[in-house]
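Biologist: I'd like a close look at a single part of this one. Take your time and walk me through it.

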Amino acid sequence: MTEATSRAALDRYLRSLGARDTSPHTQRSYKATLTAYLDWLDQREVDWRAPTRVDLRAYLAELGARTARSSTAQRLAAIRSFHRFAAREGLATGDPWGSIATPRLPRRLPRVLEVDEVERLLAAVDADVEGGTRGGSSDMTVAIALRDRALVETAYAAGLRISELAAADLGSLDLRRGEIRVLGKGRKERIGLLGRPARAALAGYLEDGRPILVERGGGVDAAPTEIFLNHRGGPLGVRGLRYRLELLRRRAGLPAGVSPHTLRHSFATHLLEGGADLRVVQELLGHESLATTQIYTHVSPARLRSAYRGAHPRAVRQSTVP
């Protein structure tokens, strides 16, 4: 009886996620997490609606022993969400996890590129473009190079998530206004802004690069609506985006760990360092909470040192008078 009830509750919860336009990836992840959790309770003949503190602490200990702290936090978020849903829907009397302290994640600063490192990444792309046009390379080589330049410029200019970049379609792009509409988390639409270099890179790709990729995929009639295409003329997916950026990272001589999300972190950090208001950056990033954006207000050690030396009366050693 308990098992059947828990599965019925889980099915209702997963349907509610779908109704809220939660991403398929999140739905799959939550289903796997909650199925494992409910199985664990069932094996111990524990009623999922009212597990004791001892039960929950035992599960927490087992989870922490076999998963990283970040993974544990993600799974507990799904479990807590499920129990809150069950309480709201009258499927359970309350949230048993409400009084359980869970491990806190260490606050880590995001990896951010310096402005000159962004320039080096773009220079690696430009070298491909110029080498292709001057060296008599194939049209496909030039098309790929133009696409990569547009990719990097767009990601850095608008601070897009990799999934947003992959899903962006032609109808969302307005080069005259310098805008690109994207659907972020929770399918919330927002406008990304494009500076002059990004607009120029996109215009060059759309005029001289994308048509070549479209032709490879079977021509205009079969062309997908996504902006960025792969060498076969199909949409360039998330894995393809990661692969291309990793290739460019190595060519630019940048440290390992630079990812598409690094460009988003860099976009936010450079805006704030340039004097942008925190709430403006929150809007551009599509963050629901200002607290999420505040992680980008960190100050680099070099900037701290410079400010200290310029402001503290004892920061600079004074020359001694003999």
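What is the strand order in the open sheet, and is the pairing parallel or antiparallel?

Modeller: Quick caveats before the tour. This is a predicted model, so to speak for itself only where local features reach pLDDT of at least 70 and side-chain atom pairs reach pLDDT 80 or more, while totals for chains, interfaces and linings use all residues. Residues are numbered from 1 along each chain as its sequence is written, and side-chain values use heavy atoms, with hydrogens and water left out.Now the sheet: its three strands run in the order β1-β2-β3, with antiparallel pairing. At the edges sit β1 (173-174) and β3, each pairing on one side only. Strands here are DSSP E runs of at least two residues, and helices are H or I runs of at least four, both numbered from the N terminus. Two strands pair if DSSP finds at least two bridges between them. As a general point, strands of a sheet pair through backbone hydrogen bonds, either parallel or antiparallel.

Let's zoom in on β2 (residues 179-183) and β3, which are joined in the antiparallel sense over five bridges. L183 has E189 as its bridge partner in β3, and R181 has I191. The two strands make a hairpin with five residues between them, and in that turn G186 has a positive phi of about 70°.

β3 itself covers residues 189-193. R190 and G192 are on its covered face, whereas E189, I191 and L193 are on the uncovered one.

R190 also leads us out of the sheet, as R264 is in contact with R190 (contact means heavy atoms within 4.5 Å). R264 is found in helix α10 (residues 260-273). R264 counts as buried because its relative accessibility is 2%; the cut-offs are under 20% relative accessible area for buried, over 50% for exposed and partly exposed in between, with a 1.4 Å probe and protein chains only. Leaving aside neighbours within four places in sequence, the contacts of R264 also include G159, L160, R161, E164, L285 and H287. With G159 there is some detail to add: its backbone oxygen lies 2.7 Å from a polar atom of the R264 side chain. For a long-range link, R264 and V112 are 152 residues apart in sequence and 8.7 Å apart in space, C-alpha to C-alpha.

Methods:
Polar contact = N/O pair within 3.5 Å; in protein donor to acceptor, adjacent residues only side chain to side chain.
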